[in-house]
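Got a minute to walk through a model together? Here it comes, and then we can pick it apart.

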Number of protein chains: 2
Amino acid sequence: MTKIGIRYTKPRKLVFEALAHYSKPVSVAEINYYLKNKIDLSSIYRTLELMKKSNIAEETEFGDGKKRYELISEKGHHHHLICENCGDIEDIKMKEDELLNKVKTKSKFAIKKHKLEFFGLCPNCQ
Amino acid sequence: MTKIGIRYTKPRKLVFEALAHYSKPVSVAEINYYLKNKIDLSSIYRTLELMKKSNIAEETEFGDGKKRYELISEKGHHHHLICENCGDIEDIKMKEDELLNKVKTKSKFAIKKHKLEFFGLCPNCQ
DNA sequence: GACATATTGCAAATCATTTGTAATAATAAA
DNA sequence: TTTATTATTACAAATGATTTGCAATATGTC
Ligand SMILES: [Mn+2]
Ligand SMILES: [Mn+2]
Ligand SMILES: [Zn+2]
Ligand SMILES: [Zn+2]
């Protein structure tokens with residue numbers, strides 16, 4: 001009987017470290033820049049995929065064609081405000097029960113998750 | 001003094017027709033399939049960009065790496081439920097004043113727009 | 001109809017992401 | 001601690017979506 005296990009490797013340490021450092025959703029390019037080519041891009045991609053499946057990191061999209069990832073931290077489920085001018089990101093946490101209940105009332109879908117992002121201008125850019 | 005004007009051309013007619021036909025967010029590949037190579041892919045892209053800027057079409061992303069577009073119709077502002085199994089899309093319309101007010105209370109961002117999509121399983125796929 | 005120029009098709013480029021594979025490193029077994 | 005097993009990596013190449021440069025063309029104007 002063979003053992004299966006997920007190994008604690010250099011790329012995994014480093015990607016985790018990068019995500020922890022930023023504590024906001026970051027693109028693969030940003031992670032790579034932070035890690036200064038210490039690991040290959042494909043390893044970053046594969047590691048993020050793993051972290052997503054393992055519920056360690058969450059994937060978001062802001063509409064610029066790049067996926068972004070952030071650690072699922074103590075913060076818990078939350079959304080973001082993105083500045084369309086400087087790209088600054090602010091977390092937004094809110095009660096969503098009413099929202100979700102409304103949707104469940106209107107539809108027969110079994111809802112598993114949702115994505116909600118706000119776009120506009122941060123205080124500095126207004 | 002030179003005249004400027006947006007011309008009513010074959011690609012624009014056809015892309016509009018394709019969007020109207022589907023009346024749900026569709027990818028460029030789907031539009032192209034519908035139009036059976038009557039126009040070039042690059043023309044579809046350029047036309048959609050134009051329609052987006054002109055507030056004729058809206059862009060959405062469901063997380064599969066393809067942008068999707070739908071006409072801004074009488075329906076008005078709304079969101080979607082996407083079936084993670086069969087890809088079926090349902091529109092969802094709801095009052096969002098409270099939601100937006102909450103966010104405006106919590107943040108100093110000047111909010112211009114937001115994206116909200118729900119993912120789960122449609123009645124058929126449950 | 002002729003002109004001015006906005007727009008197209010085509011080909012090539014770009015950008016993010018994925019994939020195949022031989023070499024390597026993490027862990028288990030001896 | 002050495003050896004064996006196999007999960008994981010780096011690298012290179014492939015893929016897929018989107019963008020771009022440009023000469024040819026079509027549209028609206030005079
Ligand atoms: Mn966040
Ligand atoms: Mn819709
Ligand atoms: Zn800003
Ligand atoms: Zn379904």
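What follows is a short round of questions and answers on a metal site, a chain contact and one arginine.

This is a predicted model, where local features need pLDDT of at least 70, side-chain atom pairs count only at pLDDT 80 or more, and totals for chains, interfaces and linings use all residues. Residues are numbered from 1 along each chain as its sequence is written, chains are lettered from A and ligands numbered from 1 in the order written, and side-chain values use heavy atoms, with hydrogens and water left out.

Q: Which residues coordinate the manganese ion (ligand 2)?
A: Donors here are N, O and S atoms within 2.8 Å of the metal (3.2 Å for Na, K and Ca), and with water not among the atoms, sites may look incomplete. Along the chain, the donors of this ion follow the spacing E-x7-H-x1-H-x10-D. At 2.2 to 2.8 Å, with E70(B) giving two OE entries, the residues are E70(B), H78(B), H80(B) and D91(B).

Q: Is E70(B) buried or exposed?
A: E70(B) sits in strand β3 (residues 67-71) of chain B, 21 residues apart from D91(B) in strand β5 (residues 89-92); strands (E, at least two residues) are DSSP runs numbered from the N terminus, as are helices (H or I, at least four). Buried means under 20% relative accessible area, exposed over 50%, and partly exposed in between (1.4 Å probe, protein chains only). D91(B), at 31%, counts as partly exposed. With a relative accessible area of 4%, E70(B) is buried.

Q: How much area do chain B and chain A bury between them?
A: Buried area is the accessible area (1.4 Å probe) that two parts lose on being put together, summed over both. The contact (heavy atoms within 4.5 Å) takes 39 residues from chain B and 40 residues from chain A. Of the buried area, 63% is on carbon and sulfur atoms, and the total is about 3,400 Å².

Q: How many salt bridges are there between chain B and chain A?
A: A salt bridge is a side-chain nitrogen of Lys or Arg within 4 Å of a carboxyl oxygen of Asp or Glu. E98(A) and K102(B) make one, at 3.5 Å from N to O. The count between the two chains is four.

Q: Why does R68(B) count as buried?
A: R68(B) belongs to strand β3 of chain B. Among the residues R68(B) touches are P25(B), V26(B) and F62(B). R68(B) counts as buried because its relative accessible area is 11%.

Conventions
Lists of a residue's contacts leave out its neighbours within four places in sequence.
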